[in-house]
Structures are given as C-alpha cells and as structure tokens.
Amino acid sequence: MTHLGQRLSALIDGELDGAERDRVLVHLARCEQCRGDAIALRMLKRRMNALGETAADSTLTGRLMGLAQPHDPSLWPHGQGQGTPWSSLAFAPQAPGRVGYEVRPSWYLAAGSFGVLVAGLAAAAFMAGGPQEPPAPKVTPAVYLYQVQHAIDTGVVPATMSGSSQPVGKSAAPHAP
Amino acid sequence: MILPVSSPRRIASVAVVLGLLGSCAAVLALADSSAGSSPVRRAGSAAARRAGSAAARRAGHSLRAQRPASVANPARARAGLQLMSEAAAACEAVPYRGVQIVAWWGHGGASASVVQVWHRPGSGTLAQASGTAALSAAVQQSRAGQAQDQDGILAVSSRLVTLMQVNYQIVYIGAGSADNRPAQVVELWRPDGRVAARFWLDTATKLPLRRETFDTRARMISEDAFIDLDVGETSGSDTPTANAEPWTGQLGSAGLTALRARGWPLPARLSGRLALFDASKTSTRSGEVIDLSYSDGLSEVSLFLQRGELPRSMPGWQRVAVRGTIVFSNDQDKRCLAWSTAGFVYTMIADAPATTVSQIVAALPHDDQLGFLQRMARGFRRLGSWANPFR
C-alpha cells in the first residue's frame, strides 16, 4: 500500500483542495500509519508556530543591533547596560559628558558625495557663465597713427620743415603682434 | 595683541598712543581729501605760475569762470554767434603763421607745449610742436608723441559752430585783449549756466587768439593762446610740409549703414551730447580701421574701431579703471584709452573734460562685468539649456 508521503505535509499545510483532498482523507481513514504521521506533523507545526510568537529579550536585541555600533558602550564587557534599541539610529548619543552626536560613516559618505556633486555643479556653472566669444586676432592699437589722424580730425595736420622727414601717414603702419 | 591683565598702566599708555596715532591719521586724511578735491585747480595754478602764465599775462583778462544759471541776453547771444561764425570763416580764409602755447591740466598733472602753426587758405592748418614744457615728469613721459601735443590748436570750423549752437549758449561778453591785440571775448555756456569755454577773437581778423576751456565744475582744464602771430601770406625758405595725410576712405551715411549691417558697432552719438560729424577708414596690416569723429562743438573725440581683441598686456599701456570699467591707457591724463569687447578693439582719443571722457567710456560696450552670483546664474541657465533635449 502506498502511503501519503509529501501529500500528508500538503494536507497539514492546507494546500490540498477538491478531489485530491478527498482522496487523502479516505486514505487516512484506512491507514493507521499515515494517521499517526499526520498527528505528529500537526503537533510539530503547532510548536513551531508557538516558537515564532515568542519575543526576544530586549537586552539581547539591543546588543545584537548594537553590533553595528563599534563605539556603543553597551557592547563593552563592563558596560553599564546603556544599549537600547534606539542605539541603532544614525545619531547615537556619544559618551556621557560629551556634547553633540556622532555621525555614522555612511552619512559621511553620503554627505561627501553630495558635497562633491554640488561643488562640481558650481564649478561647471561658473565656467559656463563666463563670456563665450569666438577667439579673435590679437591687435595692438597703432596709437601714434591714430593720434595723427585725431589731430587731422580736429583740423590740424602735423608738419615738418621742408625735407626734414617722411610723411607720417606713409611711414607709420599699425602692427599686430 | 595680548596684554597682561595685571598692567592697567600699560593698557592706558597703549590706548593713549593708539588714540594719538588715530588722531594723526584722521588729520592727514582730512588734509589729503581737502587737497585732493581740486587737483585740476592746483595743477592749473601751478601751470599758470610757470609756462602757461605767459599767455595769461598777455591776455590780461580776468573773468569769473562760474555764472549763475541764466539765459543769455538775446542781443549778446546773436552777437556771440555772429562772432563765432566770423571766426570760423577767418580760420578758413585768413593766412597766418604764429606760435601757440597749448596747456592742459588733467589727472596726471599739468603740461604745456609750444607749437608753430601755419595756415594757408585752401591747404589747411599745419602744426609742428617745437617743445614741451612738462610740468611733471610723469606728464613728460606720457606726452612723448608729437601728435598729441598738437591737440588744442586754435581752430574753429563752421561745423563746430553749428554743434556749439546746439549744445551751448554762445554769448558775447565784451572787449578784451590777447597777444597784445584788441579782441572780442565770447563765452560758451552750458545749459546750467556754467561757462564751458571762453574765446578771445581778434578784433581785426576774427581769428581766435586765445581759448580757455572748463570742465563741468567750471574748473579750467586747458588754455591755448597765440604768443606770436603774423597775419598775411608767409614768405621765405622755412615753409613747412605736411607730415601726415588724412585717411582717404571717407565714409558717408551709406557706408556707415553698410558697415553696421556687417556687425560693426558704430554709434551715431556718444554720451555727453557728442554727435558723429566725420567718419573715415583705412586698411592696415591688422585689418580695416574705422575712424569716427565726434564733437559737441567744443570737445572732440576720435573713436577708432577694428576687428580683434587686445592682448593681455601691451608695452606702454596700463590698466586703469574708468567708472568701474577696466581699460588700457597710455597716458596719465586718460585721454587715450583702449579696450576690446565682442570681437572689436576700441581706441578712443579725446580732447574733452575727464568727466565727459569717463561718461563716454562707461556708455560704450564693454565685456560683461558680472558679479559672482550673476555669473553663476548665467552658468546654470546655460547648463540647463544644454541639458534640455527639446531645445
């Protein structure tokens, strides 16, 4: 005679329905061994459920969660039992007598990344905000030529006595470096 | 500074010393500010005592530089305009030769130069600087160029008289004398009634014999006067020849319009009521240069434009601040300034009061002088625009 095997566990877990469930129940009515197995399985399941509802001791929970806090005084062998479930928060109180909060390394990392991002954006904006003009040739004004032309604009032509020098307008040429 | 608490006498003595030092500093600052408030006037008095005083003594005319705001007597205004028109005609038609003293008082101190002048009808006025009496070493260095010494030569044209009419009241003041010649004195008044210039016109020929110009606070900034004048045709072997030629590419309104269409920034007016009255161009090794001449009838400003940009530094030029704008200057008086923006180099040479020059410079285009926050805001806008896939 074939026994129920895995189908017995499925029945206990309520996973069977319809004709399959009826067939298993008929087999249980006829098979003494399978009925015994079913009773044992139900008891085991009930006990395991009872274990799952038991709350862990708060001190133990605090210690376990405090493992993430290397400086948590409650984890030291001679600690005063200050470890609480709240010690797992990011801003945990420091040693007694000290003012301020200690920041977890992950927060340092996040803040640093954010700072680098902001600084990079600011630098990019500063660079992009500068003048944007196409490069032009470098020119040094031919100021002497311009001064002569300015004098002519005002109605006066620079002069020399006859034969003393060459005309300025012909000799002075503007230059570009 | 840390002082021991246990030495109150030392603290008291230090406090007394600091108090005395502070008082001295305050006195020095007050003295400096009161003296520095009128550098032009101080330079002017120094110049009058030295080189410029010769012309002043010869002219022998003392008039107040500042008048209350008023409207000129119509008869005097008509007479003044008539005299200035006759002066413009005389500057064209009367042959003469002479020696002028040209004095200028600016930021860098005072300077005076002596210029020989020849005029022949139809051939223009020729000038040759024969010496510069520098009233400060700095000015002597800055005015090494001969051409700049010839700024301020006494000459009046009909175009300038037209502009004078627009911007000033021309008022006949009365009789006077200059260069030992009887003269008629004409003043130009600003709209606020302050005198802007004073002319002594030869009674016989109407040639201008002397001119004083004043800034907007009625402080004298230049004095030009004949110290020797011979009227009539010149003869002899010492005939001058022109040492320069005007640029041949004259630009009319059509030429200016065409250049503007090609992107040249050619203003029709400058700040300070200076109107464009002449334009020309020339080709140089560094490209085309446009010369724009502006005047209000008294001050004359030449603006030279060419494509390109200035190098970071130029020998003989210094960076100076003009109304918060950084430009290059090659003289102490800041009469020759250069800057570049938007692909054009601006070079400005001005015979104008410092306030007018700074007003003009501030109103012309310059590179953006953005503050930090404005530059950042513009940068974020540009970054956003670049990141926008739908633009």
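Residues are termed buried under 20% relative accessible area, exposed over 50%, and partly exposed in between. The views below show a predicted model.

**View 1. Helices α1 and α2 of chain A are tied by the salt bridge of Arg7(A) and Glu20(A).** The side chains of Arg7(A) and Glu20(A) meet with an N to O distance of 3.4 Å. Arg7(A) belongs to helix α1 (residues 6-12) and Glu20(A) to helix α2 (residues 18-30), so this salt bridge joins parts of chain A that are 13 residues apart in sequence. Glu20(A) has a relative accessible area of 23% and is therefore partly exposed. Arg7(A), at 35%, is likewise partly exposed. Over all chains, the structure contains 17 salt bridges.

**View 2. Chain A and chain B meet in an interface that buries about 4,800 Å².** The size of an interface is often expressed as the accessible area lost when the parts come together. Of the area buried between chain A and chain B, 59% lies on carbon and sulfur atoms. Chain A contributes 48 residues to the contact, and chain B contributes 61 residues. The interface includes 15 residue pairs in polar contact, both residues of each pair being at pLDDT 80 or more. On the side of chain A that touches chain B, the elements giving two or more residues are α5, α6 (143-153), β3 (156-161) and α7 (168-171) of chain A. The most is given by α6(A), with eleven residues.

**View 3. One salt bridge crosses the interface of chain A and chain B.** The partners are Lys138(A) and Glu309(B). Their closest N and O atoms are 2.7 Å apart.

**View 4. A nonpolar surface patch is formed by residues of chain A and chain B.** Phe114(A), Leu117(A), Val118(A), Leu121(A) and Phe380(B) make up this patch of about 490 Å². Its largest share, four residues, comes from helix α5 (residues 105-128) of chain A. Leu121(A) is placed in this helix, α5 of chain A. With a relative accessible area of 43%, Leu121(A) is partly exposed.

**View 5. Glu86(B) and Lys206(B) form a salt bridge within chain B.** The N to O distance between the two side chains is 3.8 Å. The pair links distant parts of the chain, 120 residues apart: Glu86(B) is in helix α4 (residues 74-93) of chain B, whereas Lys206(B) is in the loop between β6 (195-202) and β7 (208-214) of chain B. The partners fall on either side of the 20% limit for burial. Glu86(B) is partly exposed, with a relative accessible area of 28%, while Lys206(B) has 18% and is therefore buried.

**View 6. Asp215(B) and Arg219(B) are joined by a salt bridge, and further salt bridges of chain B form a network.** In the pair of Asp215(B) and Arg219(B), the closest N and O atoms are 3.1 Å apart. Arg219(B) counts as buried because its relative accessibility is 13%. Asp215(B), with a relative accessible area of 6%, is also buried. The network is made by salt bridges that share partners, and its members are Glu187(B), Arg198(B), Arg210(B), Glu212(B) and Glu223(B).

Notes. Residues are numbered from 1 along each chain as its sequence is written. Chains are lettered from A and ligands numbered from 1 in the order in which they are written. This is a predicted model: local features need pLDDT of at least 70, side-chain atom pairs count only at pLDDT 80 or more; totals for chains, interfaces and linings use all residues. Side-chain values use heavy atoms; hydrogens and water are left out. Patches are made of residues with over 30% relative accessible area and no salt bridge: like charges are joined within 9 Å, nonpolar side chains (Val, Leu, Ile, Met, Phe, Trp, Tyr) within 5 Å. Accessible areas come from the Shrake-Rupley method with a 1.4 Å probe; for residues, only the protein chains shown count as cover. A salt bridge is a side-chain nitrogen of Lys or Arg within 4 Å of a carboxyl oxygen of Asp or Glu. Buried means under 20% relative accessible area, exposed over 50%, partly exposed in between (1.4 Å probe, protein chains only). Contact means heavy atoms within 4.5 Å. Buried area is the accessible area (1.4 Å probe) that two parts lose on being put together, summed over both. A polar contact is a pair of N or O atoms within 3.5 Å; within protein, one must be able to donate a hydrogen and the other to accept it, and residues adjacent in sequence count only if both atoms are side-chain atoms.
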